[in-house]
Amino acid sequence: GLTYDGTNLISSDIVSDFIYVHDGTSSTILSSFAAPGSVPMGLTYDGTNLISCDSGTDRIYVHDGISSTILSSFAAPSTSPRDLAYDGTNLISCDTFSNFIYVHDGISSTILFSFATPSTNPEGLTHDGTNLISCDYNTDLIYIHANA
C-alpha cells in the first residue's frame with residue numbers, strides 16, 4: 001500500500017509487516033512501525049490520520065496521526081480488503097474476494113453504496129479530487145470511475 005501525507009510517502013510491506021514513512025518521495029526511511037495486523041495492504045491519509053487495511057485480520061484501522069497507535073478499527077466489508085482511498089469525505093475500500101468497491105459513510109463500517117469492480121482482482125485505489133481510480137491485477141488495467 002502507498003499513500004502521501006502532503007510531505008512524505010507512506011508505504012506498507014506484507015513481508016516485514018511494517019509501515020514505513022519515507023523522506024519525501026525518496027527511498028530514505030524517516031521512521032517505521034509494526035502494522036496492526038499480519039498482512040498490511042492498503043493505506044490512505046485523511047489529512048489527520050493514517051488509515052490502513054489488513055487482509056490477514058480483515059479489518060480497517062484508523063491510526064492516531066501517522067503512528068502505530070490505533071484510535072479505532074472495524075471489520076472490512078468483505079474478507080480480503082486490498083486498498084483504500086479517501087475522497088475528502090468518505091473512505092473507499094476494495095476487496096479481491098467480493099470484487100466490489102465500497103464507499104463508506106465517512107470513516108466507518110457503514111456502507112453508503114457499493115459496486116462491482118470492472119474485473120476480478122482489484123488491487124489499488126486512489127481519488128484525484130473528482131474521480132475514483134482503480135487498478136486490477138488480472139487485466140493490468142487502470143480504470144477511471146466517473147461520479148463514483
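Two strands pair if DSSP finds at least two bridges between them. Strands here are DSSP runs of E with at least two residues, and they are numbered from the N terminus. The model you see is predicted, so local features need pLDDT of at least 70 and side-chain atom pairs count only at pLDDT 80 or more, while totals for chains, interfaces and linings use all residues. Residues are numbered from 1 along each chain as its sequence is written, and side-chain values use heavy atoms, with hydrogens and water left out.

**Exercise 1. Describe how β7 pairs with β6 and with β8.**

Step 1. Start with β6 (50-54) and β7 (59-63). They run antiparallel to each other and pair over four bridges. I51 has V62 in β7 as its bridge partner.

Step 2. Move on to β8 (residues 70-75), which pairs with β7 in the antiparallel sense over five bridges. Here V62 has S72 in β8 as its bridge partner.

Step 3. Look at the turns. Four residues lie between the strands in the hairpin of β6 and β7, where D58 takes a positive phi near 55°. D58 is partly exposed, at 22% relative accessibility (buried means under 20% relative accessible area, exposed over 50%, partly exposed in between, with a 1.4 Å probe and protein chains only). The hairpin of β7 and β8 has six residues between its strands, and G65 in that turn has a positive phi of about 65°.

**Exercise 2. Find the residues of the largest nonpolar core, and say why β7 counts as largely enclosed.**

Step 1. Recall the rule: a nonpolar core is a set of buried Ala, Val, Leu, Ile, Met, Phe, Trp, Tyr and Cys residues joined through side-chain atoms within 4.5 Å.

Step 2. Collect the members. The largest such core has nine residues: M41, I51, C53, I60, V62, F74, A76, L84 and L91. At least two of them come from each of β6 and β7.

Step 3. Turn to β7 itself. Four of its five residues are buried, so the rest of the structure largely encloses β7. As background, nonpolar side chains in soluble globular proteins tend to be buried together.

**Exercise 3. Work out how many disulfides there are, and why C135 is not bonded to C94.**

Step 1. Set the cut-off: a disulfide is a pair of cysteine sulfur atoms within 2.5 Å.

Step 2. Apply the rule, and the count is zero disulfides. For C94, the nearest cysteine sulfur is that of C53, 7.4 Å away.

Step 3. Check C135. Its closest cysteine sulfur is in C94, at 7.8 Å, which is too far for a bond. C135 is partly exposed, with a relative accessible area of 29%, and C94 is buried at 1%.

**Exercise 4. Place N8 and list what its side chain and surroundings reach.**

Step 1. Locate N8 in the loop between β1 (2-4) and β2 (9-13).

Step 2. Judge its accessibility: at 12%, N8 counts as buried.

Step 3. Look for a polar contact (a pair of N or O atoms within 3.5 Å; within protein, one must be able to donate a hydrogen and the other to accept it, and residues adjacent in sequence count only if both atoms are side-chain atoms). A polar atom of the N8 side chain lies 2.7 Å from the backbone nitrogen of G24.

Step 4. List the contacts (heavy atoms within 4.5 Å). Setting aside residues up to four places away in sequence, N8 touches T3, V21, H22, D23, G24 and L30.
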